[in-house]
Number of protein chains: 2
Amino acid sequence: MTSEIRPVFFISDGTGLTAEGLGQALLSQFDTIPFEKTTLPYIDSVEKAKKAVAEINAAGIECGTTPIVFDTIVNQEVRDVFANCDGFLVDIFQTFLKPLERELGKGSSYSVGMSHAVAPDGQYARRIDAINFALDNDDGARIRYYDQADLILVGVSRSGKTPTSLYLAMQYGLNIANYPLTEDDIGDDQLPDSLRKYKTKLFGLTIDPERLQAIREMRRPDSRYASLKQCQYEVNEVEALYRRHAVPFLSTTERSVEEISARILQVTGKRRSVS
Amino acid sequence: MTSEIRPVFFISDGTGLTAEGLGQALLSQFDTIPFEKTTLPYIDSVEKAKKAVAEINAAGIECGTTPIVFDTIVNQEVRDVFANCDGFLVDIFQTFLKPLERELGKGSSYSVGMSHAVAPDGQYARRIDAINFALDNDDGARIRYYDQADLILVGVSRSGKTPTSLYLAMQYGLNIANYPLTEDDIGDDQLPDSLRKYKTKLFGLTIDPERLQAIREMRRPDSRYASLKQCQYEVNEVEALYRRHAVPFLSTTERSVEEISARILQVTGKRRSVS
């Protein structure tokens, strides 16, 4: 017998990212249930709320089950509309706001959709600058700005350097360069000249050779580059290089970009400048 | 009288992103209080929990106030350590897990740190492919893959196309190309040849000319490119082009990448494929 499909809604007066983030984390604890997920962002008026409630109720009737509704709406009037929907409400803000108000001894501003608005302190410009830095210093394209880098990611081709650089830039506003360790760089147990000066900024990525082969095979089928033998050789050599020069490193195999990034920050002690 | 600094901790057995996301959203409601934020990820043992508690208690003594602690730890033994800390605990998972278990008629798996692990259904590969697509089709560099694009962002230079493309790829796994509308493309009220065929995929970005001038000025000081007159001309022309050809568009001024992306998905009806 298979489980019935359970509709899930993430409702927000802003982007919906907070409701999605918490909701996904909670639902991942129930991995045998097939969820049908829908995000409804920018529900910032009674009229929009009524339309959303109609959609929730219709989904419940169609599936024959109670929809789960994660909401982060702050405005009381809009929230009231959802109180009467046929869903099971997981009321994220309201649950925690009142106790926080008591603890902090202040009323909250109850302003709508503030959390992903542009921060007033230049955090936004910082992130955009960091994304541009990551793009300009991707894949060893340029090395003359390494003195401005917070970290330089190193690793063999297709080990996950670019997505990780971009994620660290976007999420944390850090300047991340990345440099590919190619056959020219390995084999003599020395760090490439351009990296030696910045040894304390280096962080190594590695990857399971079988996984690397699969990824490279998609890119260049039947090439020497994608052969298991070549992948094993490169991975063995860079791991030996990391160990010899005490470059901290981790494996990207079976890890999401979020997880790789969080672990890099933890290991290097880089401050997370979330806004 | 200025407010006293209030220490805040985001504690997680995983990346900490969920605790940060919800915590930030809640704290943004108290914008007069200066918070000192610290994230402690991967707290997945009693020993690590005890060290975290010592750090929380020390911060409380130093600031002379009760630290606020947002936690998403699932393991009961690890959670028990935090029950005795001197902080004000905002216990995100526990608050919602029990009611959800009742509603769903199942126990949760209580597995540690599942939410940002690699999804088993190829979502991770999808996101990496989407990031590569965004990079390969950035800034009009290539146009021959536009048939594979979910959306093509258009706009004047420095209106926010690249960060938005990358964010949509990373967060939602969508294939986003982007094409810069330069002086060559505007003035005759026609869409560039390479875009005409893909009219239904176009989404326009625009920006306040004064803001654009400031951004361009940082890139190329005292240039014609960065002059207010040039910025006004380009912005006026592309907005006229959008209206003439019914290309949906929005302003990136004063909006975060998250907000721009969420609104684009809302307007275009693109499915958010969060995992």
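This is a short tutorial dialogue on reading a predicted model with chains A and B.

User: Before we start, what should I know about the numbering and the model?

Analyst: Residues are numbered from 1 along each chain as its sequence is written, while chains are lettered from A and ligands numbered from 1 in the order in which they are written. The model is predicted, so to speak of local features we need pLDDT of at least 70, side-chain atom pairs count only at pLDDT 80 or more, and totals for chains, interfaces and linings use all residues; side-chain values use heavy atoms, with hydrogens and water left out.

User: OK. How many helices and strands does chain A have?

Analyst: Helices (H or I, at least four residues) and strands (E, at least two) are DSSP runs, numbered from the N terminus. Chain A has 10 helices and eight strands.

User: What does the radius of gyration tell me about chain A?

Analyst: Take the radius over C-alpha atoms and set it against the globule rule, 2.2 Å times the number of residues to the power 0.38. For 275 residues a compact globule would come out near 19 Å, but chain A has 24 Å. The C-alpha trace of chain A spans about 70 × 50 × 30 Å along its principal axes.

User: And how many of the residues in chain A are buried?

Analyst: Buried means under 20% relative accessible area, exposed over 50%, and partly exposed in between (1.4 Å probe, protein chains only). In chain A, 54% of the 275 residues are buried. As for the accessible surface (Shrake-Rupley method, 1.4 Å probe; for residues, only the protein chains shown count as cover), chain A has about 12000 Å², and 48% of that belongs to carbon and sulfur atoms.

User: Which contacts in chain A join residues 24 or more positions apart?

Analyst: I can give you the share. A contact means heavy atoms within 4.5 Å. Of the contacts in chain A with a separation of 6 or more, 70% are between residues 24 or more positions apart.

User: How do chains A and B relate to each other?

Analyst: Superpose the copies by least squares on the C-alpha atoms of residues with pLDDT of at least 70 in both. A rotation of 180° with 0.0 Å of shift along its axis puts chain A on chain B, with an RMSD of 0.1 Å. The two copies are therefore related as by a two-fold rotation axis. Both copies use the same surface, since 99% of the contact residues of chain A recur in chain B.

User: Is helix α1 of chain B covered or open, and how many residues are buried?

Analyst: Mostly covered: helix α1 of chain B runs over residues 17-27, and 10 of its 11 residues are buried. Among them are B:Leu17, B:Glu20, B:Leu22 and B:Leu27.

User: What is special about a positive phi?

Analyst: Most residues other than glycine have a negative phi. A:Glu254 has a positive one, near 65°. A:Glu254 sits in the loop between β8 (249-251) and α10 (257-268) of chain A and counts as exposed because its relative accessibility is 63%. Another case is B:Asp139, with phi near 60°, in the loop between α5 (123-136) and β5 (151-155) of chain B. With 46% relative accessibility, B:Asp139 counts as partly exposed.

User: Which residues does B:Ile128 touch?

Analyst: Setting aside residues up to four places away in sequence, B:Ile128 touches A:Pro163 and A:Val257. B:Ile128 lies in helix α5 of chain B and counts as buried at 18% relative accessibility. Its C-alpha is 8.0 Å from that of B:Ala169, 41 residues apart along the chain.

User: Where is A:Thr162, and what is it in contact with?

Analyst: A:Thr162 is in helix α6 (residues 161-172) of chain A, and at 14% relative accessibility A:Thr162 counts as buried. Leaving aside neighbours within four places in sequence, A:Thr162 is in contact with A:Asp138, A:Asn178 and B:Leu135. The C-alpha atoms of A:Thr162 and A:Leu135 are 8.6 Å apart, with their places 27 residues apart in sequence.

User: Is A:Glu239 buried or exposed?

Analyst: Buried, with a relative accessible area of 18%. A:Glu239 lies in helix α9 (residues 228-244) of chain A and, apart from neighbours within four places in sequence, is in contact with A:Thr206 and A:Phe249.
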